[in-house]
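Colleague: Please take me through this model, beginning with the contact between its chains. I would like each reply to end on the value or name requested.

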Number of protein chains: 2
Amino acid sequence: MKYYPEIKIDVEKVAKFLELPPSRIADLIEKRNLQQNWDEYDDIYRFEGHAPRLEDGTVLIDNHGSFELVIGFPKIKRAMLLEPALKSRFGELESVTVEEKMNGYNVRVVDYNGKLIAFTRSGHICPYSTERVQNFLKRDFFKDNPNIVVYGEMVGPENPYVQKYVYDIESLDFFVFDMRYKNTGEALSVSRRRELAEEYGFNQARLFGEFGIGEATEKITQIIKELGKKGREGVVIKDPEMVLQPMKYTCSESNCSDLHQAFKFYNETGRDYLFSRVVREGFQSYEWAESEEDFKKRCLRLGESMLRPMKETIAQVQTGERISDDFSIRVRDKKVIYKFKSYLGRLGLYVTFGLPEKRGNEYIINIRKINKSTNDKTLAMLEGQLWS
Amino acid sequence: MKYYPEIKIDVEKVAKFLELPPSRIADLIEKRNLQQNWDEYDDIYRFEGHAPRLEDGTVLIDNHGSFELVIGFPKIKRAMLLEPALKSRFGELESVTVEEKMNGYNVRVVDYNGKLIAFTRSGHICPYSTERVQNFLKRDFFKDNPNIVVYGEMVGPENPYVQKYVYDIESLDFFVFDMRYKNTGEALSVSRRRELAEEYGFNQARLFGEFGIGEATEKITQIIKELGKKGREGVVIKDPEMVLQPMKYTCSESNCSDLHQAFKFYNETGRDYLFSRVVREGFQSYEWAESEEDFKKRCLRLGESMLRPMKETIAQVQTGERISDDFSIRVRDKKVIYKFKSYLGRLGLYVTFGLPEKRGNEYIINIRKINKSTNDKTLAMLEGQLWS
């Protein structure tokens with residue numbers, strides 16, 4: 001029996017716009033690969049999973065029958081061994097541009113009915129990001145450049161997804177790292193994008209420079225070692241013209257800090273998440289031809305990043321406390337709190353919100369997420385159950 | 001469309017013997033949960049997957065229409081936190097027996113048509129183990145005790161499955177750790193089993209002793225620390241009467257040595273295999289309330305166990321060599337070599353056998369297993385491909 005979820009889109013028109021047969025659109029709707037947003041955003045749709053020729057998380061906006069696409073942010077592949085990866089991907093270029101990869105969450109911003117809205121990677125409209133982004137980006141840009149989508153990283157501690165304290169940001173900030181045209185997803189060159197961002201006063205991901213392909217490995221290795229010491233994540237290496245796909249390369253310290261965060265909730269840690277982070281350390285250590293002393297430091301860092309948070313979790317559960325993920329957000333409009341809570345609920349995340357506390361002309365709200373699986377497993381072990 | 005694999009068993013008779021409806025047996029055959037052996041063992045069947053009330057790997061022997069069951073070895077669950085696990089599982093006993101858990105592979109032995117045969121955990125008849133076991137166990141025992149199955153560990157370097165050098169064994173040896181009755185799977189008490197094994201001159205897993213439940217945690221912790229230093233695996237803690245199910249507890253050093261072996265072929269490492277070994281370290285470290293110094297030693301050991309073999313693998317592939325798993329076996333009868341090769345082939349393992357070399361009245365054969373996935377992945381990274 002077929003179940004067609006309610007979706008009010010005009011299949012024929014969308015099919016024509018996307019240059020796909022209407023049956024394909026009907027199929028996407030039926031399989032829930034094309035989903036409609038809710039509330040004031042019910043003219044906005046997102047592609048989930050395998051839509052043909054479209055990045056995951058691509059958004060379709062229906063402006064009263066005329067459509068536009070906000071292409072999902074393309075997954076950036078990772079260099080395991082920097083030198084061969086540089087040669088293989090960018091070998092035919094004279095130089096590459098290196099920008100900082102910041103550790104926060106990826107957001108796309110467009111103007112929609114006279115207001116900025118912020119899409120998360122999956123193409124959802126996050127009410128918190130949407131409110132915050134009004135402070136970070138001026139609307140002028142979007143009026144002047146209606147065909148451009150701004151891609152950036154939401155960074156800082158008052159962050160519902162990735163809380164980081166290493167950037168000297170008190171609450172939250174937004175750093176532009178990409179601009180792409182609507183519909184095609186074609187990227188602006190690095191220099192054009194940085195010029196535009198500068199002109200409109202946007203914060204940008206740090207530019208380390210443009211390096212000749214012959215010197216890039218050495219320069220980037222140096223940058224990565226420095227960033228690592230500061231607890232920063234890494235870099236994205238780009239074709240200055242943005243024709244070739246960018247590539248990322250990251251610091252061991254940030255890798256281990258991810259594991260540290262993950263192992264607090266050890267029983268929720270993705271097995272692939274763990275594996276891929278271990279493997280990165282092996283490749284970097286090999287490429288850097290580390291001394292035995294540096295190698296042992298790396299091994300210690302890796303081991304500690306998993307075992308220390310785990311021990312703390314067990315100790316905490318032993319005292320009768322439950323472990324939780326605690327963070328706060330800051331909003332201007334109290335209504336955003338309830339919108340955000342309902343948004344997280346729709347995504348299947350169950351969290352407790354504290355009472356809003358006034359801070360200047362804004363409100364701070366503490367949020368707690370209980371990680372049931374790790375709490376239950378730890379308690380079971382403390383009660384003497386066997387693993388399996 | 002239904003596909004019934006060819007299997008010559010009498011469904012009605014088996015159903016009666018197992019006290020199951022014939023349709024259930026037909027179902028097991030159809031789903032390939034009941035499989036027939038080949039060659040001279042085609043009167044022997046094994047249960048794979050979910051057969052009702054039967055341990056995985058249970059074997060059914062058809063002696064001209066009269067059946068007997070060799071129950072699969074029950075999975076022994078693991079203590080993560082020793083003290084609560086001891087209390088919870090064995091709290092009502094006065095004492096527990098502690099025997100060494102040896103690191104090799106698990107084999108069941110019975111007499112079949114006047115010759116001993118060895119089943120692996122999955123219920124296959126391993127030609128190598130079958131030849132070897134004739135040297136280790138006298139047939140008298142099986143003549144005198146036709147209803148008893150002997151369970152033991154095949155240990156040593158000349159071992160196709162788990163090569164270990166920590167036991168001071170030149171080639172291979174067999175250590176009895178369990179005896180159970182055919183058909184019911186009921187276990188003999190520890191003392192009765194050890195008496196019988198002694199009487200017939202069988203090697204046995206080391207007995208550390210019987211400890212009062214109040215002192216067991218301390219004693220076992222001490223044993224585990226000593227075994228760890230020697231690179232041994234750990235212990236199995238048993239109800240002396242073998243009524244309650246045994247429980248295992250292992251050493252960090254052996255855990256890390258598993259990871260070291262696995263990470264040589266890092267791309268083949270099971271994600272759950274990795275995760276469970278990391279988690280064990282966290283629990284043990286917590287329970288032992290380690291000093292910061294000992295904790296760091298553990299973290300270093302864990303990190304090193306993954307990164308050192310990985311680096312060695314990358315370096316080896318870089319030189320143009322392929323990495324492989326190399327081991328040797330030793331047989332008396334040359335025919336066993338070809339039987340064993342065909343056996344591995346049937347199990348889907350592709351290995352190269354060297355030429356037999358005469359050693360005394362036996363032959364040594366070197367075997368090489370190429371781990372394609374890790375070789376290919378490493379080469380790809382060295383050529384500059386990106387991870388994903």
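The exchange below covers the interface, selected residues and salt bridges.

Modeller: This is a predicted model, in which local features need pLDDT of at least 70, side-chain atom pairs count only at pLDDT 80 or more, and totals for chains, interfaces and linings use all residues. Residues are numbered from 1 along each chain as its sequence is written, chains are lettered from A and ligands numbered from 1 in the order in which they are written, and side-chain values use heavy atoms, with hydrogens and water left out.

Colleague: What area is buried between chain B and chain A?

Modeller: The size of an interface is often given as the accessible area lost when the parts come together. Here buried area is the accessible area (1.4 Å probe) that two parts lose on being put together, summed over both. Contact (heavy atoms within 4.5 Å) involves 53 residues from chain A and 52 residues from chain B. Carbon and sulfur atoms give 77% of the buried area, which is about 4800 Å².

Colleague: Which helix gives the most to the side of chain B that touches chain A?

Modeller: Elements are DSSP runs numbered from the N terminus: helices (H or I) have at least four residues and strands (E) at least two. Strand E5 (77–78) and helices H3 (82–90), H9 (271–287), H10 (292–318) and H12 (372–382) of chain B each supply at least two residues to this side. With 17 residues, the greatest contribution is that of H10(B).

Colleague: How many salt bridges does the rule find across the interface of chain B and chain A?

Modeller: A salt bridge requires a side-chain nitrogen of Lys or Arg within 4 Å of a carboxyl oxygen of Asp or Glu. A:Asp272 and B:Arg271 form one, with their closest N and O atoms 3.2 Å apart. The structure holds 70 over all chains, and across this interface the number found is 4.

Colleague: Is B:Val279 buried or exposed, and at what relative accessible area?

Modeller: Buried means under 20% relative accessible area, exposed over 50%, and partly exposed in between (1.4 Å probe, protein chains only). B:Val279 is found in helix H9 of chain B. Leaving aside residues up to four places away in sequence, B:Val279 touches A:Tyr266, A:Met310, A:Trp387 and B:Met80. B:Val279 counts as buried because its relative accessible area is 0%.

Colleague: How many residues apart are A:Arg330 and A:Glu170 along the chain?

Modeller: The side chains of A:Arg330 and A:Glu170 meet in a salt bridge with an N to O distance of 3.1 Å. This pair links distant parts of the chain, with A:Arg330 in strand E14 (residues 324–331) and A:Glu170 in the loop between strand E9 (148–155) and strand E10 (173–181) of chain A. A:Arg330 is buried at 9% relative accessibility, whereas A:Glu170 is exposed at 60%. Their separation is 160 residues.

Colleague: Which helix holds both A:Glu304 and A:Arg308?

Modeller: These side chains form a salt bridge of 2.6 Å, N to O. A:Glu304 is buried at 18% relative accessible area, and A:Arg308 is partly exposed at 24%. The two residues are 4 residues apart, about one turn of the helix, and both lie in chain A, helix H10.

Colleague: Where is B:Asn103 found?

Modeller: B:Asn103 has 11% relative accessibility and therefore counts as buried. Beyond residues up to four places away in sequence, its contacts include B:Glu153, B:Lys164 and B:Asp258. In chain B, B:Asn103 is found in the loop between strand E6 (95–101) and strand E7 (105–112).
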